[in-house]
Amino acid sequence: MFSGNQPGDVFAFFNEITIIDQLVRTLVGKILPDDVHPSHFAIILHLTRMGDGKTPLGLANAMQVTKATMSHSLKVLEKRGFIDTRPCETDARSKQVFLTKAGLTFHDTACEALARAFKHFLRDEHRQIMTDAVPGLVAIHNLLDENREPLLEN
C-alpha cells in the first residue's frame, strides 16, 4: 500500500511519472516533424497555455533549462516561423516571445496528430484513470513548483 511516508513510496511515485514522461516524449518525438524536438514543442505548449509575451529568461526558468539552451530552442522555433521575438515595450534590454499564426497552426496540427496516435490504444477506462489522476497531479505540480530549491536536512 502506498503510504507516501516512506522514501521508497516517494521514489516509486516519481519513478512512474518519469517513465510516463519518457514514454510520452518518445512518442511525441516520433510524431513531430524531424527538426522539431519535443522540448521545442513544449515551449509552444507553454506559450499556448500561459500566453504570449514571455521573456527568454522566463521561459528558461519555466522549462528548467539554461538561458543558452532556451536561446538555441527559440532560434530553432523562430527559423521555422513558429515564434517572433520582439523588444520588450517596458524594458528595451529584454525581448519577448510571441507565437505566430504558423506556430498556432503547428500547435493545433501536432495536437491533432497526437490525439490520433493516442486514440489507437487509449480506451475509456484509461481516459478515466487519467481524468481521475489530474487533480492529484496538479496538487503535486504546484507543491513542487513552490519548492524548487531543496532543503537538505541531516
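**Exercise 1. Find which side chain meets Asp-124 in a salt bridge, and work out how the two residues sit in their helix.**

Solution. Let's start with the contact itself: Arg-127 pairs with Asp-124 in a salt bridge, at 3.8 Å from N to O. This is a predicted model, and the distance lies inside the cut-off of 4 Å used for a salt bridge. Next, place the pair in the fold: both residues belong to helix H6 (residues 124-146), three residues apart, so about one helical turn separates them. Finally, look at the surface. Asp-124 has 63% relative accessibility and counts as exposed, while Arg-127, at 35%, is partly exposed.

**Exercise 2. Treat the salt bridge between Asp-21 and Arg-25 in the same way.**

Solution. First, the distance: the closest N and O atoms of Asp-21 and Arg-25 are 3.1 Å apart. Second, the spacing: these two residues are four apart in helix H1 (residues 7-31), which means a separation of about one helical turn. Third, the exposure: Asp-21 is partly exposed with a relative accessible area of 36%, and Arg-25 is partly exposed too, at 41%.

**Exercise 3. Decide whether Arg-93 is buried or exposed, and do likewise for its salt-bridge partner Asp-91.**

Solution. Begin with the pairing: Arg-93 and Asp-91 form a salt bridge, with 3.0 Å between N and O. Now apply the cut-offs, where exposed means over 50% and buried means under 20%. Arg-93 reaches 77% relative accessibility, so this residue is exposed. Asp-91 stands at 25% and is therefore partly exposed. To close the topic, the full count for this model is four salt bridges.

**Exercise 4. Identify the residues of the nonpolar surface patch and the elements that supply them.**

Solution. List the members first: Val-10, Phe-14, Ile-17, Leu-137 and Leu-144 make a patch of about 370 Å². Then assign the elements: H1 and H6 are the ones that each give two or more residues. The top contributor is H1, with three residues. As a check on one member, Val-10 lies in helix H1. Val-10 has 37% relative accessibility and is partly exposed, so this residue clears the patch cut-off of over 30%.

**Exercise 5. State how confident the prediction is, overall and by element.**

Solution. Take the chain as a whole: its mean pLDDT is 90, and 95% of the residues score at least 70. Then turn to the elements: H1 has the lowest confidence, with a mean of 91, and strand E2 (residues 95-99) has the highest, at 96.

Key:
Residues numbered from 1 in each chain as written. Predicted model: local features only at pLDDT ≥ 70, side-chain atom pairs only at ≥ 80, totals over all residues. Heavy atoms only, no water. Buried < 20%, exposed > 50% of the residue type's maximum accessible area, 1.4 Å probe, protein only. pLDDT = per-residue confidence, 0-100. Patch = residues over 30% accessible without salt bridge, like charges linked within 9 Å, V, L, I, M, F, W, Y side chains within 5 Å. Areas by Shrake-Rupley, 256 points an atom, 1.4 Å probe, with all protein chains shown as cover.
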